[in-house]
Amino acid sequence: MYAFRSKSRIVVTCAKGINPFLEAELEALGYSIKNEFTAGLEIEGSMKDAMRLNLMLRTGSRVLFQLARFRAAGPDELYKEVKKLPWEDMLDPSGYFSITSSVLNDNIRDTRFANLRCKDAIADRMTAKLGKRPDTGPELNAAVLFLHWREDECALYIDTSGEALSKRGYRYNPMMAPMTETLAAAVIMKTGWKGTDSFINPMCGSGTLAIEALMSALNMAGGIIRRNFGFMHILGFNKKEWSDIRNDALRVVKKEIKGQVIVSDHDERCLKAVEENAGYAGVEEYLDYQLCDFRDCTVPDGGGVVILNPEYGKRLGDEKHLESVYGSIGDFFKAKCQGYRGYIFTGNMNLAKHVGLRTASKTVFFNSKIECRLLEYELYKGTKKHQDKDEEA
């Protein structure tokens, strides 16, 4: 069996802009950051650590466990180096594997060719050693390998996640233009909501923000309901060890929170989607559902977080029409949300100006390739200078 007990480099990737939130998660789990990239962080750990990270992380995308580093100027050298590794100790000859890559090399015009040379090397070695080889293809639901190649420097990893960690396993009905689960988790972290006061989510869509908020407040691990990870398809996968890791995570899940969690939408289909998704996530009992326009959403006394993710005119909706919507959000904040921290997640700062309130903070996030902002508004009770109209939202 390949020596997965020994420590190696582990790279945890994330969406652009989420590094600070991922770093906070890793440090809270007891890991030291060794290196930082544009969209990810490097730590050191064993395969057991990789398994734990896949379960626990909320903002990470993939957990990559390094197998080898080597130099390869071109595809022939790549083939030779990959073939040296003991794949017969890592991959099931009757199984399935796939390869993804990130390649910047003058000798490779098509990333798929680098993937093919890796597949050939693995297949040739396993055929020579065992007389058979696994099937290969693009699916990410079994063993997954990742090649990182820059000029002549290569690093080969096991993608222990397989499918991206944003695929928690609860969002069976995403509705339109959804926010990924990992992005929603980072947004919730930024709001600081812990479940001690209310969480109000008008325009709730498929409910991702509210579900991620509840999972965090209840101390539910990000991957707790997911049943398939890449590491499960590597030879030597320790089912008992994985069971112990999951049981440790289940033991610390809370049974109640103090605040109310209210989701509202004017579209009944959205509320049905929220109910379905929350059911799969195991948090449906903590949600109050309201079928109404966001202006009519109930906002209990006692403060908390109120957050909206309105359309921003790039994929959905007409921008001119949305100007009045954003203005109405500002009116809603002033009229009904005093004592709360108000948030708007948007990818259109021109529309944000129509909210008409001064922002307390602006945090950059990326929703796919769209640069967005999480705008925070401190909604003081009574009159306050910060509630004056501000053209520079």
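This is a short presentation on one sheet, the helices packed on it, the openings in the structure and a salt bridge.

Good morning, colleagues. Please keep in mind throughout that the model is predicted.

I begin with the sheet. Seven strands make up an open sheet with mixed pairing, and their order is 11-10-9-12-13-15-14. At the edges are strand 11, residues 287-291, and strand 14, residues 361-367, each of which pairs on one side only. From one strand to the next, the twist averages 20 degrees.

Within this sheet, I would draw your attention to strand 13, residues 340-346, and strand 15, residues 370-378. These two run antiparallel and are joined by six bridges. As a point of reference, Ile344 has Leu375 of strand 15 standing opposite.

Let me turn to the helices. Helix 9, residues 319-336, packs on the sheet and touches strands 12, 13 and 15. The direction of helix 9 makes about 170 degrees with that of strand 13. Helix 6, residues 208-217, lies across strand 9 (198-201), strand 10 (261-265), strand 11 and strand 12 (304-308). Relative to strand 9, helix 6 runs at about 160 degrees.

Both helices return when we consider the largest pocket, whose volume is about 870 Å³. Which residues lie closest to its centre? Of the 35 that line the pocket, they are Met203, Gly205, Asp265, Asn309 and Glu311. Helix 6, strand 10, helix 8 (268-281) and helix 9 each contribute at least two residues to the lining. Helix 9 provides the largest share, with three residues. By character, the lining of this pocket comprises 17 nonpolar, 10 polar and eight charged residues.

There is also an enclosed space to report. The structure holds one cavity of 30 Å³ or more, and the volume of the largest cavity is about 40 Å³. Its lining consists of Asn54, Leu57, Leu165, Lys167, Arg168, Gly222, Gly223, Arg226 and Phe229. These residues divide into three nonpolar, three polar and three charged.

Finally, I come to the salt bridges, of which a search of the whole structure finds 19. One of them joins the side chains of Asp152 and Arg71, with an N to O distance of 3.0 Å. Asp152 is in the loop between strand 7 (143-150) and strand 8 (153-159), while Arg71 belongs to strand 4 (residues 62-71), so this pair ties together parts that lie 81 residues apart in sequence.

Thank you for your attention.

Key
Residues are numbered from 1 along each chain as its sequence is written. This is a predicted model: local features need pLDDT of at least 70, side-chain atom pairs count only at pLDDT 80 or more; totals for chains, interfaces and linings use all residues. Side-chain values use heavy atoms; hydrogens and water are left out. Two strands pair if DSSP finds at least two bridges between them. Helices (H or I, at least four residues) and strands (E, at least two) are DSSP runs, numbered from the N terminus. Axes are lines fitted to C-alpha atoms, for helices over the stretch in contact, and angles run from 0 to 180 degrees between N-to-C directions. Contact means heavy atoms within 4.5 Å. On a 1 Å grid over the protein atoms alone, a cavity is a set of points where a 1.4 Å probe fits but cannot get out, and a pocket is an open set with protein on both sides within 12 Å along at least five of seven lines; lining residues have an atom within 4 Å of a point. Grid points are joined across faces, edges and corners, and a volume is the space filled by probe spheres set on the points. Ala, Val, Leu, Ile, Met, Phe, Trp, Tyr, Cys and Pro count as nonpolar, Asp, Glu, Lys and Arg as charged, and the others, Gly among them, as polar. A salt bridge is a side-chain nitrogen of Lys or Arg within 4 Å of a carboxyl oxygen of Asp or Glu.
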